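Let's take a walk through some strands and see who sits next to whom. Have the sequence and the 3D view open as you read.

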Amino acid sequence: MQTRRTMLAGFAVSALAVSARAETPALYWPVITNHPDWNVISAQPSCVRLRCFGASRPVSRLENPSRHHVGVDLFAHAGDAVIAIEDGVAAGFYPFLRARTGEMSYALLIAHAGYVANYGEVRAPARVSVGDAVTAGQRIAIVSDTAQLHFETYAPGVARNRSWPHGAPQPAGVIDPTPRLRDLAQRGARVLP
Ligand SMILES: [Zn+2]
């Protein structure tokens, strides 16, 4: 009888734990910011200042020749904390884009279940190293002088961001992050500064 009671109690506890996890999916909005436009997810047809996915960047700049925008730019302030939207593993960190102030911003790739996210235009050093496991809501980086989070998503296995030359078809492995961001804005926890 003693053994049987213990087994039953153990079963009950594990069933409760599974139930609690299912009801509270750990999802977070990726930036801790008080920017008034924090949840603006620019998308076609009313693309705000070319911040949406697929926007055609008309002006050729030294490090940014004419191309389509592979991510969605989220409003933030320089210095805001960037957090993991869900559990994952850090998969890449390297120079990405120079801000107008001259500061070099970085790409931080996190492999999540079923996709890879580029938390782009963050400062060095990141708060995680490549290969580190990260948990949902963990602080992973800081927004750079570009004062935005350039958020991209890719198919699993992608370890570098991909560029999308003007007029070319959408590159293989690139996923439009707009639906995921809309879902995060609805269901994800927003952490305030
Ligand atoms: Zn961008």
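Which residue of β11 does D73 stand opposite? It's H150. Keep in mind that this is a predicted model.

## Strand β11 and its partners

D73 and H150 face each other where strand β4 (residues 72-75) pairs with β11: the two run in the antiparallel sense, with four bridges between them.

H150 turns up again with β8. Strand β8 (residues 115-122) is also an antiparallel partner of β11, this time over five bridges, and here G120 is the residue opposite H150.

There's also β13 (residues 174-175), which is antiparallel to β11 and joined to it by two bridges. In that pairing, look for Y154 across from V174.

## Buried or exposed?

So how many of the seven residues of β11 (residues 148-154) are buried? Seven of the seven are, so the strand is largely enclosed by the rest of the structure.

In a regular strand, side chains alternate between the two faces of the sheet. You can follow that idea along β11: Q148, H150, E152 and Y154 lie on one side, while L149, F151 and T153 lie on the other. Both faces are covered, with every one of these residues buried.

## A three-stranded sheet

Now look at another group of strands. Here three strands make an open sheet, ordered β2-β3-β12, with antiparallel pairing. Its edges are β2 (56-57) and β12 (164-165), each of which pairs on one side only.

Zoom in on β3 (residues 67-68): two bridges tie this strand to β12, and the two run antiparallel. R67 has P165 of β12 as its bridge partner.

Conventions
Residues are numbered from 1 along each chain as its sequence is written. This is a predicted model: local features need pLDDT of at least 70, side-chain atom pairs count only at pLDDT 80 or more; totals for chains, interfaces and linings use all residues. Two strands pair if DSSP finds at least two bridges between them. A residue is buried if 20 or more other C-beta atoms lie within 10 Å of its own, exposed if 12 or fewer, and partly exposed in between; C-beta atoms are placed from the backbone.
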